Amino acid sequence: MELRDIEIFLTLAEELHFGRTAARLHVSVARVSQAIKKQERSIGAELFLRDSRNVQLTPAGAQLRMDLAPIYRGLQESLERAKLAAQGKTDVLRIGMIPGNAYDLRHYWETFRTRHPQWGLRIRHAPFHEPFAGLRRGDMDILVAWLPVLEPDLVTGPALFTDTRLLAVGLDHELAGRSSAVLEMLGDFPHAMVPDLPDYWSDAYTPPHTPKGRNIVRGPRVETTDDIFGVITAGEAVIPFPAHVRRFWARPDVAWLPIPDMHSLTYGPVWRGETETDMIRAFAAVVGDLGEFQQDAPQAY
């Protein structure tokens with residue numbers, strides 16, 4: 001079994017969705033399907049049960065995942081250590097970003113690298129679906145997420161930045177022609193529902209009620225950014241975003257309305273308390289020393 005096929009299998013075993021697996025690995029759905037069929041022919045048994053709605057591991061697939069996961073992780077770590085040694089570095093700090101504005105925060109990355117040349121720094125996108133799973137699996141050392149994070153096993157560091165809010169609506173939506181929105185409007189239209197989020201964390205992003213006490217209805221289920229923009233452009237939901245999304249994920253089929261009376265979102269680094277390292281403490285010190293990033297003055301859209 002080739003290394004790439006192992007990666008495809010393990011990612012599909014985690015995502016249980018061919019589209020999300022393909023997007024995560026930057027390959028086609030056909031490539032994912034081809035790799036799985038090849039593995040099933042080699043083993044002589046189905047690894048996944050799939051239909052038009054669901055993908056599930058078979059007992060053979062579950063056993064293969066259990067056997068392969070630690071081997072694959074160990075191989076990745078060995079390759080990473082070899083690359084670091086070739087660069088004269090001893091370790092790498094892995095940061096996952098739920099927000100999409102890593103470019104805004106480059107002063108923190110550069111300061112960390114300057115202060116600690118013995119360590120590497122790797123920054124990757126992190127999904128908002130099952131947000132803390134990557135930390136708990138050991139896929140990353142730090143997650144940048146909106147706050148508060150109140151998980152008993154996780155520690156929150158100093159705030160990185162605070163962002164105002166914009167409402168994203170499709171160009172054909174009845175709100176699209178407005179210059180701004182108010183929080184009360186969220187009670188008039190369905191929002192999106194993200195499964196497997198802690199209630200308190202989901203409510204920190206979008207409150208369950210409007211200022212007048214009306215329910216903000218969670219509507220279509222979404223698990224990826226593509227899902228989110230799909231329901232927005234189809235007119236199935238309106239969704240508030242942090243304002244930086246307008247700059248980094250600009251789309252011609254979405255109208256963006258400032259929501260002046262909606263609470264801002266503060267983002268900060270989060271990590272597992274029991275796996276805290278000198279690198280994590282050093283990055284938290286950089287954030288504390290530099291202070292919170294100050295966004296530019298709000299722009300009119």
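Which residues are buried in H3?

## Helix H3 and its two faces

In this predicted model, the buried residues of H3 are Val32, Ser33, Ala35, Ile36, Gln39 and Glu40. They lie on the same side of H3, because the arc they cover around the axis is only 160°. The face turned away from that buried side carries Ala30, Gln34, Arg41 and Ser42, which are exposed.

Helix H3 spans residues 29-43, and its 15 residues reach 21 Å from the first C-alpha to the last, close to the 21 Å expected at 1.5 Å a residue. The cover over its buried residues includes H1, helix H2 (18-25) and strand E1 (48-50), while glycine 44, with a positive phi near 85°, follows H3.

## Backbone geometry in the loops

Most residues other than glycine have a negative phi, and most peptide bonds are trans. Leucine 16, which is not a glycine, nevertheless has a positive phi of about 55°; leucine 16 sits in the loop between H1 and H2 and counts as partly exposed, because its relative accessibility is 33%.

Aspartate 196 also has a positive phi, near 65°, and is placed in the loop between strand E9 (191-193) and helix H7 (199-205); with 49% relative accessibility, aspartate 196 counts as partly exposed. The peptide bond from leucine 147 to proline 148 is cis, with omega near 5°, and proline 148 belongs to the loop between strand E5 (142-146) and strand E6 (154-156).

## A nonpolar surface patch

Leu3, Leu75 and Leu79 make a nonpolar surface patch of about 250 Å². Leucine 3 lies in helix H1, which covers residues 3-15, and is partly exposed, with a relative accessible area of 43%.

Technical notes:
Residues are numbered from 1 along each chain as its sequence is written. This is a predicted model: local features need pLDDT of at least 70, side-chain atom pairs count only at pLDDT 80 or more; totals for chains, interfaces and linings use all residues. Side-chain values use heavy atoms; hydrogens and water are left out. Patches are made of residues with over 30% relative accessible area and no salt bridge: like charges are joined within 9 Å, nonpolar side chains (Val, Leu, Ile, Met, Phe, Trp, Tyr) within 5 Å. Accessible areas come from the Shrake-Rupley method with a 1.4 Å probe; for residues, only the protein chains shown count as cover. A salt bridge is a side-chain nitrogen of Lys or Arg within 4 Å of a carboxyl oxygen of Asp or Glu. Helices (H or I, at least four residues) and strands (E, at least two) are DSSP runs, numbered from the N terminus. Buried means under 20% relative accessible area, exposed over 50%, partly exposed in between (1.4 Å probe, protein chains only). The expected span of a helix is 1.5 Å times one less than its number of residues. The arc is that of the directions from the helix axis to the C-beta atoms. Contact means heavy atoms within 4.5 Å.
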